[in-house]
Amino acid sequence: MAAEVCAELVAAARAQGADLQLVGDGELAVLALSAVRAGALRMADPGYRAELADWTHRPPWSGDGVDTAGTVRAVPRRVPVRDFAPFGGPTLAAGPDTDRGARYAVVFTEHDGPGDWLRAGEALSAVLLTAVGAGLGTAPISDVTELSVTRDELRRLLPDGGYPQLAVRVGHAPPGEPPRTVRRLFEEVLEG
């Protein structure tokens with residue numbers, strides 16, 4: 001990814017009151033091991049497994065859930081993706097360019113309170129929109145910040161005192177349209 005695009009992504013996060021740390025090749029192992037640990041810890045939790053099965057195996061008419069057909073198959077990568085189909089079901093092929101040209105980054109804040117979480121979300125939104133505007137695809141990686149043990153590991157990638165809020169993969173999207181996902185009707189979600 002071009003240096004000017006990376007600078008635009010960092011600027012987009014900073015404009016929203018958070019920051020974006022690009023993960024260097026020499027630091028990628030920290031993020032990768034955090035993703036592996038997060039996946040193993042989650043799958044060892046019976047409550048998590050039950051919730052995952054519930055969300056990924058809803059009937060098509062329900063209008064919600066996470067259809068495994070819209071998730072990418074777990075294959076070897078530099079940084080593993082969360083496996084949304086450990087119980088089976090159709091998945092998307094990862095494609096031949098799963099990591100080629102991708103950059104990884106961590107959205108972080110100086111403090112760790114509700115206002116910081118809001119700024120981190122706004123920063124993530126700005127980063128994602130900036131990436132799409134540059135013709136890139138993105139994939140948020142939340143599992144590494146959902147558990148305190150893996151979140152603490154990510155702090156090693158940040159300037160002293162930074163709090164990781166979310167990781168993100170930015171790279172070239174595969175050709176074609178992204179898969180459609182189920183959505184509830186507008187009228188079911190908001191009252192007017």
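Select Gln165 to begin; this residue is found in strand E4, where helices (H or I, at least four residues) and strands (E, at least two) are DSSP runs, numbered from the N terminus. The model is predicted: local features need pLDDT of at least 70 and side-chain atom pairs count only at pLDDT 80 or more, while totals for chains, interfaces and linings use all residues. Residues are numbered from 1 along each chain as its sequence is written, and side-chain values use heavy atoms, with hydrogens and water left out.

**Gln165**

Gln165 has a relative accessible area of 16% and is therefore buried; the term buried denotes under 20%, exposed over 50%, and partly exposed the range in between (1.4 Å probe, protein chains only). Display the side chains of Asp112 and Arg151 next. The side chain of Gln165 makes a polar contact of 3.1 Å with that of Asp112 and another of 3.2 Å with that of Arg151. A polar contact is a pair of N or O atoms within 3.5 Å; within protein, one must be able to donate a hydrogen and the other to accept it, and residues adjacent in sequence count only if both atoms are side-chain atoms. Neighbours within four places in sequence aside, the residues in contact with Gln165 (heavy atoms within 4.5 Å) include Val107, Phe108, Trp117 and Thr145.

**Strand E4 and its partners**

Extend the selection to residues 163-171, which form strand E4. Of its 9 residues, 8 are buried, so the strand is largely enclosed by the rest of the structure. Add strand E2 (residues 103-109), which pairs with E4 in the antiparallel sense over 7 bridges; two strands pair if DSSP finds at least two bridges between them. Within this pairing, Phe108 has Pro164 of E4 as its bridge partner. Strand E3 (residues 137-141) also runs antiparallel to E4, joined by 5 bridges. Here Pro140 stands opposite Val168 in E4.

**Val168**

Centre on Val168, which is buried, with a relative accessible area of 1%. Val168 and Val107 are 61 residues apart in sequence, yet their C-alpha atoms are 7.7 Å apart in space. Not counting residues up to four places away in sequence, Val168 touches several residues, among them Leu20, Tyr104, Leu124, Leu128 and Ala139.

**Helix H2 and the second largest pocket**

Move to Ser34, located in helix H2. Ser34 is buried, with a relative accessible area of 0%. Beyond residues up to four places away in sequence, Ser34 touches Val144, Thr150, Glu153 and Leu154.

Now select helix H2 as a whole (residues 28-43), which gives the most to the lining of the second largest pocket, with 7 residues. A pocket is an open set of points on a 1 Å grid over the protein atoms alone, where a 1.4 Å probe fits, with protein on both sides within 12 Å along at least five of seven lines; lining residues have an atom within 4 Å of a point. The lining comprises 15 residues, of which Ala35, Gly39, Val81, Arg82 and Asp83 lie nearest the centre of the pocket. The pocket has a volume of about 190 Å³.

**Arg73**

Finish at Arg73, in the loop between helix H3 (46-56) and E2. Arg73 is partly exposed, with a relative accessible area of 39%. From C-alpha to C-alpha, Arg73 and Phe84 are 8.3 Å apart in space and 11 residues apart in sequence. Apart from neighbours within four places in sequence, Arg73 is in contact with Thr91, Leu92, Ala93 and Ala94.

Definitions and conventions
Grid points are joined across faces, edges and corners, and a volume is the space filled by probe spheres set on the points.
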